[in-house]
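Q: Could you walk me through this structure, taking the helices, the strands and a few odd residues in turn?

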Amino acid sequence: MTQIYFYSHPEILLKDHLRIVGENAKLYVSQINGKLSELSELALIIGNCHDFGKFTSFFQNHLLGKPSDSRAHHSLLSAIFAAYIIKKKLEEKFFSNLRYKDFLPIISFLVVYRHHGDLKSPDEIIPRAKEIEDYPKLEKISVSVKEEISILSEQIKDINKNFPIIKDELISIGLDIDEAFFQDKTIIEIFKHLDMLKYQLLEGDRLESDDKMNLYFITLLLFSALIDADKKSAGRERAVQSSSKEIPFDLVDRYLREKFMLSDSKINSIRWEIYRRVNQKVNSISVDEQRIFTLTAPTGCGKTLTALSFALKLRDKIKRETGLKPKIIYSLPFITIIEQNYRVFCDVLSLLGDDFLQNTSNYIIKHHHLADMEYRENDEYRPIEEALLLKESWDSEIIVTTFIQFLHSVIAYKNSFLKKFHNIAGSIIILDEVQNIPVEYWNLVDKVLHKLTEFIGCWVVLMTATKPLLLHEKAVELIDDNERYFRELNRVCLKPIVKEISTDEFIEKFKYEIENKATLIVSNTIAKSIEIYITLKGKLNYEGFTELEKENGKKRRLEYEELMETYKNKQTIFYLSTNITPLQRAIRIKILNELMRQGKKPILVSTQVVEAGVDLDFDLVFRDIGPLDSVIQVAGRCNRNYKFDKPRDIYILNLMDGKSEYVYGKIHLWIARELLKTTIQEKNFYELINQYFSKVKEKISNDKSKYILEAIESLNFYHSNLRNISDFQIISEKGRFVDIFVELDDNSSQIKDKFIECVLNQKDIAERKKSYLKLRRKFYEYVVSVRERRLMDNVAPRIEKSEFYFVPYLQLESYYDIETGYKHISTVDIL
């Protein structure tokens, strides 16, 4: 008799794949310090069931390359099987200790059915009981999965042909199946049971709001564990794993002793005092009872290294007391700050010597949509497909990432974001510059963060110089009397100019004050920033900074040393916004920093992109009116290191055509104007900030938070006709953006040509993806994102076969100014 083998992927036996996925999903869940660790057995069963539908001959023929049809689809059949097995386990009192055990069949169904895509609402995919009564005819059914349900009968009959063999294979991985599963009435009963559970979730009163939110997080955890285990084992004999690493709790202490010989200036004394006090706080923390912390201190007080040191010491204490070793997730609002902090953290970790250099990614990764997809381990780089899996699931000890990556992974529905949720569970989460979370989402984020600590076993640290009203009730402030530091520091003075003035009036009024001072000017729109830059450059006769020079008829990008030599003795004006390429922004910040460190007095004209985290220290600042937290952030770029004993001026302008209300809305601006009517020194910022956030919370609608919370409690991940979790957007964009590749120099030309050859013209999908991941970071260094309506003013050509627009080098002057970026006619644009 011919032996029959079933495969999950070419050359991988299905029973082995199911076993590996189940074991790893169980491992992921069991490592969590929280109330969900008891779900590890459920994760095992779900992993064992998730590809059950691949036992059909239809799928096996598909793997062999034979002609196939929709009957080869396996997700729905696998989901029905998972719900059936879990329901049987419940009848056998298997999950008797779980509070939410009755709802496990519907969660298991959702998780398995959507494991190749994004999560959806139960109401979108589970038919009503009366619609399934005539199964397999399905004359009444209306849900989107009608076609998949219609082929279930054929698939089940096909599997039943090999029942003895399949039963033995399932028994070998700890599952059992009986012939009752193959009866039509069993399928009807399963769907009816799922519909009943769906009703209780959506409309019933059996569960409290808090319970429903817990079910949401159970779903995320099980889905994350399954999809990550599945992707890491698919097509491989063993799952892709990373190696765990130890990081000494006192590493930052050693780093500061070895790398910094700080002067006894007032600001350095405050930095050391804050660092010492925060780190001593760890000793008095009860790791089980105290899980939410705030670190509130003025800008420029060294919060970044202080927070990393606190997290390492807290992690060490957690390990000693519980045996667990949480990951550290450091999340920030902007990519530019991520790159900066990642470099600092790597510098700290470099004290570990060769092991860190050879296994960098085991210790730390940075993750955002443009990050390198490299994973260094054992002095080698993992293959790109493995590196992608490890990075996207946050397999490292320290993860430096964006608010977008973090928040869209905990208020989530997308498969790509949820791969990492099981690694977020039980972690230490640091949210830096937390005031950048939109106010209308504060209630939502507040409740989600509370749940992460209460139910998912996390610890949360919120860092800010402008403390928003988030988690304030249960949070432990790491600097008890932090207002003292705000009063001791008096580096700047806000000077509001209430009267509306034009760009020319502004420059005429202040041009003599600007000269011989390192000056920052921040506008609300790109159009206004370019207008100020061009006018100021002309009236002061300053040299405009550019990274390029003409050489043999082409533009060559100057190296760092050449740029420093070129501009060291010139009065220079810089321009910075998202209208120029990321590469230019990085170069300009680096040169600016060094010039000012040497005592030079450049001018920078910028947008809000300079406000948070950019470590620049100006003598004088002008900022067009904006929300008070933004004003305070930009104030942190002035007299940052307390070089001047007397407070330096921050002029708050009311620029004509500044478009502040367009950018921020009327409420934020009204409150800011109410509070900024007189001169205010930094020593009074603490009270000013508290007034501002109290007024903002009173005025801003909580509707967005309310709708998303309602969706969370109903498991409405995505539904075509309901308010969904998918409606959550941490960044609200006005209008569609398009990407434009700018051919600035020879290097960009080579990158563009390689992108076209290896990505756009590559027919093999797998090879195309690999090439894209390898080229992505370098390619996007030359890409600017422009609102589509602004592009229509000056339309660049497209790169063939792509969504990208393209500014060719020979047409650079028609579309792109090398000082101020993409040329446009429209007068309104943000950032």
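**A walk through the model**

A: In helix α5, the residues L104, P105, I106, I107, S108, F109, L110, V111, V112 and Y113 are buried. Please keep in mind throughout that this is a predicted model.

Q: How many residues of helix α5 are buried, then?
A: For helix α5, which covers residues 104-113, the count is 10 of the 10 residues, so the helix is largely enclosed by the rest of the structure.

Q: And what covers the buried residues of α5?
A: The cover includes α2 (40-49), α4 (75-91) and α6 (122-125), together with α8, α11 (184-202) and α12 (209-233).

Q: Switching to the strands, what is the order in the open sheet of eight strands?
A: The order runs β14-β17-β18-β13-β19-β20-β12-β21, and the pairing within this open sheet is mixed.

Q: Which strands stand at the edges?
A: Those are β14 (543-544) and β21 (680-681); each has a single partner strand, so one side of each is left without a neighbour in the sheet.

Q: In which sense do β12 and β20 pair?
A: Strand β12, residues 492-496, and strand β20, residues 648-653, pair in the parallel sense over five bridges, and within this pair L494 stands opposite I650 in β20.

Q: Which helix lies across β12 and β20?
A: That is helix α29, residues 628-635, which lies across β12, β13 (519-522), β19 (620-624) and β20, and which runs at about 160 degrees to β19.

Q: What about strand β5, which residues are on its two faces?
A: In β5, residues 364-367, I364 and K366 are on one side while I365 and H367 are on the other, and all of them are buried, which leaves both faces of the strand covered. Strand β5 runs parallel to strand β8 (residues 398-402), joined to β8 by four bridges, and K366 stands opposite V400 in β8.

Q: Now some single residues: where is R291, and is it buried or exposed?
A: R291 lies in the loop between α14 (266-281) and β3 (292-296). R291 is buried yet has no salt bridge, the nearest side chain of opposite charge being that of D288, 4.1 Å away.

Q: Which backbone oxygen lies 3.1 Å from a polar atom of the R291 side chain?
A: It is the backbone oxygen of G457 that lies 3.1 Å from a polar atom of that side chain.

Q: Any unusual backbone angles?
A: E433, which is not a glycine, has a positive phi, near 55 degrees, and this residue lies in the loop between β9 (428-432) and α23 (442-454). E433 is buried, with a relative accessible area of 13%. Y642, also a residue other than glycine, has a positive phi of about 60 degrees; Y642 is found in the loop between α29 and β20 and is buried, with a relative accessible area of 15%.

Q: Which peptide bond is cis?
A: The bond from Y135 to P136 is cis, with omega near 10 degrees, and P136 has its place in the loop between α7 (129-132) and α8 (146-150).

Q: Last one, what is K15 in contact with?
A: Leaving aside neighbours within four places in sequence, K15 is in contact with E169, S172 and I173. K15 lies in helix α1, residues 14-30, and counts as partly exposed at 29% relative accessibility. Although K15 and S172 are 157 residues apart along the chain, their C-alpha atoms are separated by 7.9 Å.

Terms used:
Residues numbered from 1 in each chain as written. Predicted model: local features only at pLDDT ≥ 70, side-chain atom pairs only at ≥ 80, totals over all residues. Heavy atoms only, no water. Pairing = 2+ DSSP bridges. Contact = heavy atoms within 4.5 Å. Axes fitted to C-alpha atoms, helices over the stretch in contact; angles between N-to-C directions. Buried < 20%, exposed > 50% of the residue type's maximum accessible area, 1.4 Å probe, protein only. Lys, Arg positive; Asp, Glu negative; His and termini not counted. Salt bridge = Lys/Arg side-chain N within 4 Å of Asp/Glu carboxyl O. Polar contact = N/O pair within 3.5 Å; in protein donor to acceptor, adjacent residues only side chain to side chain.
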